[in-house]
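Please walk through this protein with its bound partners in view. Let us begin with the binding site and then turn to the metal.

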Amino acid sequence: MAIEVTPLTPVFAGRMTGIDARRTLAPEEVAAVDAGMARYAVLVLPGQDITDEQQIAFSRNFGPLQNGANATQRRPELRLDPAFADVSNIGKDGTRLARDDRRRMASLGNRLWHSDASFRVIPARYSLLSGRIVVTDGGNTEFADMRAAYDALDARTKAEIEDLICEHSQIFSREQLGFTEYLPDERAMMAPVRHRLVRTHPTSHAKSLFLSAHIGGIVGWPAPEARAFIRDLAEHATQPPFVYAHKWTQHDLVIWDNRTTMHRVRRYDDLNTIRDLRRTTTKSDGPTAEQVAA
Ligand code: OGA
Ligand code: MN
């Protein structure tokens with residue numbers, strides 16, 4: 001079957017057909033997905049009715065996987081293999097998480113614009129999100145193109161931010177929502193990591209803004225000034241012309257490049273409906289900045 005991509009906005013995001021994620025891919029097919037990702041940054045592959053094993057095998061075509069389970073998800077509570085980020089609203093027994101469940105409160109961080117795993121020294125490259133059970137009312141996933149957002153900055157701002165280094169931690173994103181209750185070992189796992197604010201894509205050489213709700217500071221800047229500036233940049237970068245809103249159909253497989261996009265989920269009635277989305281994540285090429293010992 002011929003591989004085709006239809007653009008979803010004038011700027012980025014495409015709908016790719018002609019790939020069967022259940023099968024072993026030929027090298028040309030892997031290359032076509034990578035080329036589509038370099039061009040569109042977000043690809044929607046409809047009709048991919050895959051198992052967890054198939055999702056893992058398909059994802060491995062694009063590099064080593066990063067564990068999706070994070071510090072507030074305790075091993076015995078995991079519903080899925082730790083390779084997955086469980087972005088559903090259900091627990092191991094298949095019932096909806098209660099309103100005050102810690103896991104639910106921590107996952108509300110996904111409502112803020114972010115780049116996956118930007119709080120890790122080696123952040124995420126691709127995220128692959130499979131829609132197993134989707135909701136029709138709310139629950140869209142929105143994506144913003146950080147290349148177009150970078151390009152639209154004025155020359156003075158581009159020069160000012162070129163070498164800035166930001167500090168990222170899940171502590172920073174969650175404190176924005178008032179979530180601060182951590183167990184002692186969790187806090188230690190969330191020490192801030194450093195990343196460049198401007199990244200250059202290794203193959204397309206396009207520059208992009210590496211923004212994320214996980215940012216809590218800029219190295220060398222007073223914290224409030226850094227946070228106010230990061231907010232300004234994020235507001236600029238998520239204006240409607242840079243955004244694609246994905247309305248889910250069951251068995252959509254959506255792939256995005258965390259190096260060049262941000263995303264967020266919109267509100268839905270998670271106390272009364274079930275939404276089961278499962279994410280696998282590949283690792284980025286390496287650290288984007290030198291780290292300091294905690
Ligand atoms: C994610 C995420 C958004 C969603 O999987 O990384 O942020 O729509 N999910 O659930
Ligand atoms: Mn995410």
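**Around the ligands**

In this predicted model, ligand 1 is surrounded by Val87, Asn110, His114, Asp116, Leu129, Thr141, Trp256, His263, Val265, Arg275 and Arg279. If you sort this shell by residue character, you find four nonpolar, four polar and three charged residues. As for its location, ligand 1 sits in the largest pocket.

Now zoom in on the oxygen atoms of the ligand. The side chain of Thr141 places an N or O atom 2.6 Å from an oxygen atom of ligand 1. Two arginines join in: a polar side-chain atom of Arg279 is 2.7 Å from a ligand oxygen, and for Arg275 the corresponding distance is 2.8 Å. The protein covers 99% of the 290 Å² of accessible area that ligand 1 has on its own.

Next, have a look at the metal. The manganese ion, ligand 2, has His114 (NE2), Asp116 (OD) and His263 (NE2) as its protein donors, at 2.1 to 2.2 Å. Along the sequence, these donor residues follow the spacing H-x1-D-x146-H. Asp116 and His263 thus link distant parts of the chain, 147 residues apart: Asp116 belongs to the loop between α3 (102–107) and β6 (124–133), while His263 is in strand β15 (residues 261–265).

Finally, compare the two sites: His114, Asp116 and His263 are donors to the manganese ion, and they are also among the residues around ligand 1.

Terms used
Residues are numbered from 1 along each chain as its sequence is written. Chains are lettered from A and ligands numbered from 1 in the order in which they are written. This is a predicted model: local features need pLDDT of at least 70, side-chain atom pairs count only at pLDDT 80 or more; totals for chains, interfaces and linings use all residues. Side-chain values use heavy atoms; hydrogens and water are left out. A residue is near a molecule or strand if one of its heavy atoms lies within 4 Å of it. A polar contact is a pair of N or O atoms within 3.5 Å; within protein, one must be able to donate a hydrogen and the other to accept it, and residues adjacent in sequence count only if both atoms are side-chain atoms. Accessible areas come from the Shrake-Rupley method with a 1.4 Å probe; for residues, only the protein chains shown count as cover. On a 1 Å grid over the protein atoms alone, a cavity is a set of points where a 1.4 Å probe fits but cannot get out, and a pocket is an open set with protein on both sides within 12 Å along at least five of seven lines; lining residues have an atom within 4 Å of a point. A molecule sits in a cavity or pocket if more than half of its atoms lie within 2 Å of its grid points. Ala, Val, Leu, Ile, Met, Phe, Trp, Tyr, Cys and Pro count as nonpolar, Asp, Glu, Lys and Arg as charged, and the others, Gly among them, as polar. Donors are N, O and S atoms within 2.8 Å of the metal (3.2 Å for Na, K and Ca); water is not among the atoms, so sites may look incomplete. Helices (H or I, at least four residues) and strands (E, at least two) are DSSP runs, numbered from the N terminus.
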